[in-house]
Amino acid sequence: MGLRKIVDDLKPTFTEGKLSFLASTFDAIETFLFVPNTTTKKGAHVRDSIDMKRTMFFVVLALIPAFLFGCYNTGSQVGLEGFTAFWYGLVRVLPMVAVSYIVGLGIEIIYAQIRKEEVAEGYFVTGFLIPMIMPVSTPLWMVALGVAFAVIFGKEVFGGTGMNVFNPALVARAFVFFAFTPQMSGEKVWFSDWKMMGATDATTGATALEQLATKGEMQWSAMDAFLGFIPGSFGETSTLCILLGGALLLYTGIASWRTMLSVFVGGLAMGYLFQAVGLTEYPAYYHLLVGGFAFGAVFMATDPVTSAQTNVGKYIVGFMTGALAVMVRVVNPAYPEGMMLAILFMNALAPTVDYFVVEANINRRKNRVKTVK
């Protein structure tokens, strides 16, 4: 293959020649284009048909339905229809995606060069997630700041991919949310100042979550919320598309069904509890359909790096994530979206949960040994 020959001819220059200081950058490009052509020479190694690159590919593939619907819904919310609506949304979000990857990968490459390490594939998912969990009206400079903060303080300070405590995409959203709250919530969300293709120049008003928090009802039906025809962050509105992506993650074994299912059960249980005590009057399942709940349950809470590692821990962390998200929504009306804080809080708590689960297993084994003796 011609491209393979070009890469092989250039490789000595970047590995041993004058440009060896760019070895990590060259390796990142090569592994993006081709499967690595190296094999283990000695020692025991587990060999599998799926590697990190393929794992990241499947996650990105699972995000495609929500991304494509987000493009259409963005145009639909400003009065457009059909392909014009889709094209409008695509034009709005592509600059955010470009900024996310340029800034994030740029920082990752710099750190890889300094540490003389390979550039990990993890950011290919993070870079796609960040624009999808932000309002499409977020200024590009805010996206850039959020990405830089997430990569540096949410990932690299812990040692890079696989070492981070918190989900980097949620760290980016949390930074932008608390630093620039009006642009991430309230009436400034979904403001459109573009008049291309006949789009209106107006706000759509409060989101479904804000209406539930302030009025106890929303102007959209449950089916509209399930399909995604409501305002919100770019990729979080369509529960149907999110579940389609979740099905792919479960089928490929990349995401844990224990965590995913437990998040939904925890959110539903807490919703019914608040409904039973009279704090809410709307159906409890509304919490699963609006805001970032479904997106967080499928793509964020199941992150294998920041979630629980033990099977029992996955049940516990998942349930508590869903329950905490609904609790924040109901108890604090000023902050109607609780999924982000719930996942970040449980990211910090997951190692502790795993520790006690492992200790409990050890104690049970010790007791069985004593009983046998």
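Of the 373 residues in the chain, 48% are buried. The model is a predicted one, and its chain has 16 helices and zero strands. As for how the chain meets itself, take the contacts between residues at least 6 apart in sequence: 70% of these join residues at least 24 apart.

One pair of helices gives a good look at the packing. Two packed helices are described by the angle between their axes and the distance between the axes. For H4 (residues 82–115) and H5 (residues 123–132), the axes come within 8 Å and cross at roughly 145°, and the crossing is right-handed. On the H4 side, the contact is made by Val 93, Met 96, Val 97, Ser 100, Tyr 101, Gly 104, Leu 105 and Glu 108. H5 brings Tyr 123, Phe 124, Gly 127, Phe 128, Ile 130 and Pro 131 to the contact. Sorted by character, the residues of this contact come out as ten nonpolar, three polar and one charged.

H5 turns up again in the second largest pocket, where it supplies at least two residues of the lining, as do H3 (52–76), H7 (168–179) and H14 (293–300). H3 gives the largest share, with four residues. The pocket holds about 450 Å³ of space. It is lined by 24 residues, and those closest to its centre are Met 56, Val 125, Asp 303, Pro 304 and Val 305. What is the lining of the second largest pocket made of, in terms of nonpolar, polar and charged residues? The split is 14 nonpolar, eight polar and two charged.

How values were computed. Residues are numbered from 1 along each chain as its sequence is written. This is a predicted model: local features need pLDDT of at least 70, side-chain atom pairs count only at pLDDT 80 or more; totals for chains, interfaces and linings use all residues. Side-chain values use heavy atoms; hydrogens and water are left out. Axes are lines fitted to C-alpha atoms, for helices over the stretch in contact, and angles run from 0 to 180 degrees between N-to-C directions. A crossing is left-handed if the near helix is turned anticlockwise from the far one by less than a right angle, and right-handed if clockwise. Contact means heavy atoms within 4.5 Å. Ala, Val, Leu, Ile, Met, Phe, Trp, Tyr, Cys and Pro count as nonpolar, Asp, Glu, Lys and Arg as charged, and the others, Gly among them, as polar. On a 1 Å grid over the protein atoms alone, a cavity is a set of points where a 1.4 Å probe fits but cannot get out, and a pocket is an open set with protein on both sides within 12 Å along at least five of seven lines; lining residues have an atom within 4 Å of a point. Grid points are joined across faces, edges and corners, and a volume is the space filled by probe spheres set on the points. Buried means under 20% relative accessible area, exposed over 50%, partly exposed in between (1.4 Å probe, protein chains only).
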